[in-house]
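Trainee: Please take a close look at one part of this structure and then set it in its wider surroundings. I should like a single connected account.

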Amino acid sequence: MKALWSWLLELCDLPTMPTVEEGVRALTGGGLEIEGLTDLGGGFSGVVVAQVVAKRPHPDSTKLTLVDVITAKDGPATQVVCGAPNVPEPGRKVLWARPGATLPGGITLATKPVKGIDSPGMLCAEDELGLGDDHAGIVVLDADDPTALGAPAQRALGVDDWLLDVNVPANRGDCLGHEGLARELAALLGGRLVQHDVSADLVELASELRAADLVELAIDDAAACPRYVGRIVDGVTVGPSPRRFAQRLRAVGVRPISNLVDVTNYVLFELGQPLHAFDWHRLAAPPRIGVRRATAGERLTTLDGNDRALEPGDLVITDGSGPIALAGVMGGQATEVTAATSRILLESASFEARSIRRTARRLGLLSEASQRFERGVDPALADRAAARAAVLLARLGGGKIAVGLADHDRRPPARPPVPLRLARAQMLTGTALTTASCEDALARLGCTATADGDGRWLVSPPSARADLLREVDLIEDVLRVVGYGEVPATLPPLTAAPRPLTSTIADRARRALAAAGLTEAITFGFQAPARLEALGLPVDDRRAQPIAVRNPMSIDQAIMRTSLVPNLLAAIARNLSFGLPDVALFEVGSVFLRADGQPATGEPTALADEPTHAAIVLHGSRPRRFGAAEPWDAFDAKGFALALARALGAGDVAVAAAAAVPYLHPGVGAAITVGGVVVGHLGEVHPDVRARFGIDGPVYLAELDLGRFAEPGPVQMRPVPRFPASSRDVSLLLPEAVPAAEVEAVIAGAAEALLERVALAEEYRDAEKLGPDKKSQLWSITYRAPDRTLTDAEIERAHEGIVARLTAHLPAARR
Amino acid sequence: MDTTPTDALISQLDRLAGEFAAAIAPLDDEQAMRATQAQFLGKKGQVSAVMKELGKLPLADRPRVGEAANRVKDAIAAAVDARLAALADARRAADLARKVDLTLPARPVATGHLHLLTQVRFELVDIFAELGFAVAEGPQIETDWHTFEALAIPKDHPARDMQDTFYVADEIVLRTHTSPVQIRTMQAHPPPIRIVAPGVVYRRDDDATHSPMFSQIEGLVVDRGIRFSDLKGVLTHFANRFFGGSGGLDVRFRPSYFPFVEPGVEVDFTCAFCRGKGCRLCKGTGWIEIGGAGMVDPDVFAAVGIDSEVYTGFAFGMGIERMAMLRHNVSDIKLYYEGDLRFLRQF
């Protein structure tokens, strides 16, 4: 909401005149943040009001005039050269930029010859002062302009003023007009609101006509339209508004159009009540005004010339013949005020906020009016605003006001007073409020407070304050007036709150992976569908059935991620584009899967499963000192995955061959299991997949579903060995197809009590010596007893047993 | 002068000592030296061979020869010791002569990086844990009811404009704030409640200071007798712990409107960078806007079945990116989410 400081002061009676800075501080401190403060006349200086005392043609030019001006009554006259065609007759006032004056654009005036005659400065047009675009001629003040000679031009132009850009909270629709803001300012500065009393003007300007004879209201829907006031102003003449009146509108962002239209906007900004002026002669005769929901198929051409299809939810104004306006949003073209208008039906009404909001949003018509109706307009304002506007119309348009008004008044009954307890206010705020401070605050806010026993009041807020419904609302407002600076800082007493169970697994995973040397990335929860498709998942895979965002900001954010992998691959590609060849990243975060029983496509009807995943991607080389690159490989991914699983407290972690993962290389992929249950995968990203992300060179990844890990209990100590261990090696010749894990499993399965540890010591291939598709592995097996030093004989017996088991269970030969 | 056989034997023995010294002179390892020593002193060694002649000598001469033999043995042992000592000295000297250019690059020890937002979140949670707050969480894809309705933001409420929402279905949204965690916590636990809820949220907003996904931390305290002043005290503690250094930062409340709190406030901290004097960061005001807060609205308590006459509470919400931006001078919110190692590795 844009507000003018002068307009606010006009509506306030304050104990002392505040500076604009004091006003801004008070309003901001009261919750109406001033987001901008503009000095309207700040664009120029040194321009003064001067009176023309004589004029004559320039001797050497037909277009130039020599004008004598004075800046004090009976003061010396100065001759200025002027090129404008509209130099007024002596007696009228103009604006003189004297030598030394500055104008917008950094121009500084001096005395300069114009066609041979010195001109000390110049007489100004509007556009030269940065106000409006009128360059048809110099500014000539109205004949009755009261500004003193020599006064700054700002005063005469109505720009010796400040424009406040007020951020009005959503619940304070009452502050979308100067009156509401003035009520706040008065409350905060200890003054009172001033309202225009137009009753005398109504009598003075009354015509012989009676409103009741000229308009009839037939409104059934009290919920949609609780109040509708119509007034008739007759005999008006369309013309431009007075300069300062138009200047106010221009300052708050409304283009002046004509006196009749400008009045409706002026009152809207003054009181917050949207108004509409119909040309009475263009309405059905006699107009029978109704408010109803549009019916399907109805159309209306609005003021902006658009022919609009109406929908059944839209509220329309009718005149007996059909829709003439979209209630609260925009008037109809067929009944708008034109240059020929002489009689006006003025509409001052309130409409249901929700309907206005829906219609305005659907049609993209967020007008000054609709914005106010959306937040709620006080129905008590309608007749006051109509009267104020009628008087202004009659004054500015030279007309008369029909006696009386058409009033559909179906306001809900006045709200019952709200009880307020001093003790509750003190407790809730923790602030030293007193009976006196509460009563003072309530009075300043315009509330009527009646004592209701000791430390209790029954409070009736002003009708404009529809937000003051409950005790807590009153407590807030009392505290606002007292000042939030009065609230002390205390700490709540410590009580043992039950500890909600929040898993710490995700954060344990983050710490473990960072400790392992990886860098954490956080990527968006949504992603581009193409990135998911690049993984090549089959359609029946849950991850290929993402939940779509209905209204994404771009296609890149159109679906919720079902895997961390695509965003991480994209991050690799981005780092490559930055010239970083080595990328090792991890992310721990939620993925979003359709809940069990939900359809595979379309909008879900239930919340998603949101398991937390961890993913690691490696591309390029390991960190190294210098010299030859040491490329990452799949065993790095495995190492990180195992380190993570162990950090999460999983005991029985293994990596096993698994069904092919579509986005992994068919020969370089495996499952990660905990206790035999698959918890994730690792391997090399399929070359086709990484190519789709623009990555040239292998990528290794590991991904784990952290939901499969339980919060570990405290680690239990195992006895530290007291007797020495002994190792024996066995060298095996094996077919290529036998995985290492199988050899390990055969050894571990030997039920040998002395067996402590198995490790692969060497592996080599040599087609000539070993034969094709063969490999030689040297396994080192460690034996130990907890209670004695083993004898050679014991070790030999155990070791030979295991070797025999290996050759029996595997196509293995001892070498 | 004729030499007696005894004298000849003795001089033979003495000669062996010299021969041994010559034999080990070129050797530089102990093992070879010991082998040479065995050749001289072993059972089949040269000294033994000489001593086999002893039986042929007159008895009276034998002690002299025995002395000579012992002298030779001692000489050989001393020669070995001296040679070994010399070798050890040489090795040590050679070792100490080594020079390494330690200005060459280090062998990298892999040091990973937690994301700046993770580090800041850990710190925030730790600070609130000091005041007895536990951590709570909730889903990111959330019901309209938990996100809005239960927080006193019915459909068509103007406050919905404040948070432009991503929809997944009519009644399912991407949560626009962490406040639905308040609702879930109050539904699951009777008071007293004292939680913080960090998490990511989504809004249709994208510019230099807004990201369509960002993170918040929400706080909620519900108990008997919780006061507005307690909110100020808790946030003052937080401000000083997170930004304060030497302390002395104040919290300023400005009235504001959030439907789920009443009174509702915007919270400002004394600018920690200029200590309130006014600087570029606080745009000369001396204050930094840090989040929204207020007393839990009775309508919210009603939605979760808590009696607002018995219990009161406060809630607050702050943007984690903003706090990290302020403290670490991060220039653009987008940097957090691009996976750019040049950014991530700085923290």
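Mentor: Pro263(B) is placed in strand E8 of chain B, which spans residues 261–270. The model is predicted, and in it the peptide bond from Glu262(B) to Pro263(B) is cis, with omega near -5°.

The sheet around this strand comes next. Strand E8 belongs to an open sheet of seven strands in chain B, ordered E1-E5-E6-E10-E9-E8-E7, with mixed pairing. In that order, E8 stands between E9 and E7. The edges are taken by strand E1 (134–135) and strand E7 (251–258) of chain B; each has a single partner strand, so one side of each is left without a neighbour in the sheet. Further along the order, strand E9 (residues 287–296) and strand E10 (residues 312–319) of chain B run antiparallel and are joined by five bridges. One residue pair can be located in the view: Gly291(B) has Met318(B), in E10(B), as its bridge partner.

Chain B has a further cis peptide bond, running from Pro191(B) to Pro192(B), with omega near 5°. Whereas Pro263(B) sits in a strand, Pro192(B) is found in the loop between helix H7 (180–188) and strand E5 (193–202) of chain B. Strand E5 is itself a member of the seven-stranded sheet, listed beside E1 and E6. Another backbone feature appears at Ala152(B), whose phi is positive, about 65°, although the residue is not a glycine. Its setting is the loop between helix H6 (144–147) and strand E3 (167–169) of chain B.

From chain B one may pass to its contact with chain A. Here 89 residues of chain A are in contact with 92 residues of chain B. The size of an interface is often given as the accessible area lost when the parts come together. For these two chains the buried area is about 7600 Å², with 60% of it on carbon and sulfur atoms. On the chain A side, Tyr484(A), Ile522(A) and Arg625(A) lose the most area to chain B, together 9% of what that side buries.

Side chains of opposite charge can pair when their charged atoms come close. Between chain A and chain B there are five salt bridges; one salt bridge joins the side chains of Arg470(A) and Asp297(B), at 2.5 Å from N to O. In addition, 31 residue pairs are in polar contact across the two chains. Among the elements that give two or more residues to the side of chain A touching chain B are helix H2 (20–29), helix H14 (471–482), helix H17 (565–577) and strand E33 (583–590) of chain A. By class, that side has 45 nonpolar, 20 polar and 24 charged residues.

Chain A offers a sheet to set beside that of chain B. Three strands form an open sheet in the order E1-E12-E3 (chain A), with antiparallel pairing. Strand E1 (2–4) and strand E3 (33–39) of chain A stand at its edges with a single partner strand each, so one side of each has no neighbour in the sheet. From one strand to the next, the twist averages 25°. Six bridges join E3(A) to strand E12 (residues 162–167) of chain A, and Glu33(A) has Asn167(A), in E12(A), as its bridge partner.

Finally, the structure holds 78 salt bridges over all chains. One of them brings together the side chains of Asp201(A) and Arg395(A), at 2.8 Å from N to O. Asp201(A) lies in helix H5 (residues 199–204) and Arg395(A) in helix H11 (residues 382–397) of chain A, so this pair ties together parts that are 194 residues apart in sequence.

Definitions and conventions. Residues numbered from 1 in each chain as written. Chains lettered and ligands numbered in written order. Predicted model: local features only at pLDDT ≥ 70, side-chain atom pairs only at ≥ 80, totals over all residues. Heavy atoms only, no water. Contact = heavy atoms within 4.5 Å. Buried area = accessible area lost by both parts, 1.4 Å probe. Salt bridge = Lys/Arg side-chain N within 4 Å of Asp/Glu carboxyl O. Polar contact = N/O pair within 3.5 Å; in protein donor to acceptor, adjacent residues only side chain to side chain. Helix = DSSP H or I, 4+ residues; strand = E, 2+ residues; numbered from the N terminus. Nonpolar A, V, L, I, M, F, W, Y, C, P; charged D, E, K, R; others polar. Pairing = 2+ DSSP bridges. Axes fitted to C-alpha atoms, helices over the stretch in contact; angles between N-to-C directions.
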